[in-house]
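Reader: I'd like a close look at one small part of this model, and then a walk outward from there. Could you take me through it?

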Amino acid sequence: MTRIVVAKAYGGPEVLALQDIELPELVEGQVLVDVRAAGTNPFDYKVYSGEMGDDPARLPMPIGLEVAGVVAAVTPGATGYTGPLTVGDEVIVTNINGGYADQVVANAADVGRKPENLGFEQAAGLVLAGATAWHLLTNTRVGTGDTVLIHGASGGVGLMAVQLAAAHGARVIATASPARHDQLRKYGAEPVAYGDGLADRVRAIGPVDAALDLVGTDEALDTSVELVADRSRIATIAGFARAGELGIAVLTGAEGGQAIRDAARPELVELAAQGRLEVTVDRVFPLAEAAEAHRYLQTGHARGKVVLVP
């Protein structure tokens, strides 16, 4: 038996509860992982809120897409995206369903060895945010000599996007509240405060070649289309309602995007191992306090990743 957090109904964080379940037997190509930390993501609460459908047949719904932990059992020949896996390996697991748990069963292809220089709590926040940022930068073709505007740069995906853009040789202009500007400067960004006059403040820094919207506000979308001449170099992961009318891409991982994100995983692990990519953990909650963790996550004030630990 293992403990797992499930949504017992559709609604707010109050629907989350711990439940004991029996894990399935491993089949070929799978591994069993003892979870040391589970990363939370906005997608997690969008699913159980009913925003993406409210089919009662999906309840109780396991929650959680990424964890870091230790391999407890493997099937013969199990190989992850960083190489063969053995019992005792410290690993990162993504593309799972039900990561808020004591143990998870995962396909070996979605498991990679954890960089030694990252703790479990940091590692649990590396790959999904990093792969999303990688997808955004790939789609908008950000590279050496470009100036990219990143809206919502102090969140989990934003901090990854800032670091990855800088690593690709781009100049980064990052929007955030003034309290978070020092953190963004640490990663090489030029921070600006959001709010009235944002476009003018950005324009004063210099022309912008591409823009990434991580917040979905009208201000972020309107500023992006005002400052970036080529709308194919604007992408959003949040502005679903207006993206179509503005002619900008919504990146969800569908239509080939998941392949880009999956291919990024070994690259992200290697950058982290080299000390070129950091994971900022804002707060850590016990697994039993998943609802409280989600209440905090939904405030939008997290300065990095929010993590659960069994």
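Leaving aside its neighbours within four places in sequence, which residues is V105 in contact with?

Author: Sure, and keep in mind that this is a predicted model. Once the neighbours within four places in sequence are set aside, V105 is in contact with L23, P24, L26, Q30, V31 and L32. V105 itself lies in strand β9, which covers residues 103–107.

The side chains alternate along that strand. V104 and A106 point to one face and are buried, while Q103, V105 and N107 point to the other face and are not. So much for the strand by itself; its partner is β3, residues 30–39. The two run antiparallel, with five bridges joining them. Q30, one of the contacts of V105, stands opposite N107 of β9. For a longer view, take G239: it sits 134 residues from V105 along the chain, and their C-alpha atoms are separated by 34 Å.

Moving on to another bit of sheet, there is an open one of three strands, in the order β2-β1-β4 with antiparallel pairing. Its edge strands are β2 (16–21) and β4 (61–62), each of which pairs on one side only. Strand β1 (residues 2–7) pairs with β4 over two bridges, in the antiparallel sense, and V6 stands opposite P62 in β4.

Now for the cores. The largest nonpolar core has 48 residues, and L126, V148, I150 and V162 touch the most other members. Among the elements that give two or more residues to this core are α3 (127–139), β11 (147–151), α4 (156–167) and β12 (171–175). Not counting residues up to four places away in sequence, I150 touches A161, V162, V172, I173, A174, T175, L212 and L214. A second, separate core of 38 residues includes V6, Y100, V111 and F285.

F285 also brings us to the aromatics, where the structure holds one pair. The ring centres of F285 and Y296 are 6.4 Å apart and the planes are at 45°, so the pair is tilted. F285 lies in strand β17 (residues 281–286) and Y296 in helix α10 (residues 290–298), so the pair ties together parts that are eleven residues apart in sequence. Both F285 and Y296 are buried.

Y296 has a charged companion too: R283 lies over the face of its ring, at 4.6 Å from the ring centre. Elsewhere, K114 lies over the face of F120, at 5.0 Å from the ring centre.

Note on methods:
Residues numbered from 1 in each chain as written. Predicted model: local features only at pLDDT ≥ 70, side-chain atom pairs only at ≥ 80, totals over all residues. Heavy atoms only, no water. Buried < 20%, exposed > 50% of the residue type's maximum accessible area, 1.4 Å probe, protein only. Helix = DSSP H or I, 4+ residues; strand = E, 2+ residues; numbered from the N terminus. Pairing = 2+ DSSP bridges. Contact = heavy atoms within 4.5 Å. Core = buried A, V, L, I, M, F, W, Y, C linked by side-chain atoms within 4.5 Å. Phe/Tyr/Trp six-rings, centres within 6.5 Å; stacked < 30°, edge-to-face > 60°. Lys NZ or Arg CZ within 6 Å of the ring centre and 35° of its normal.
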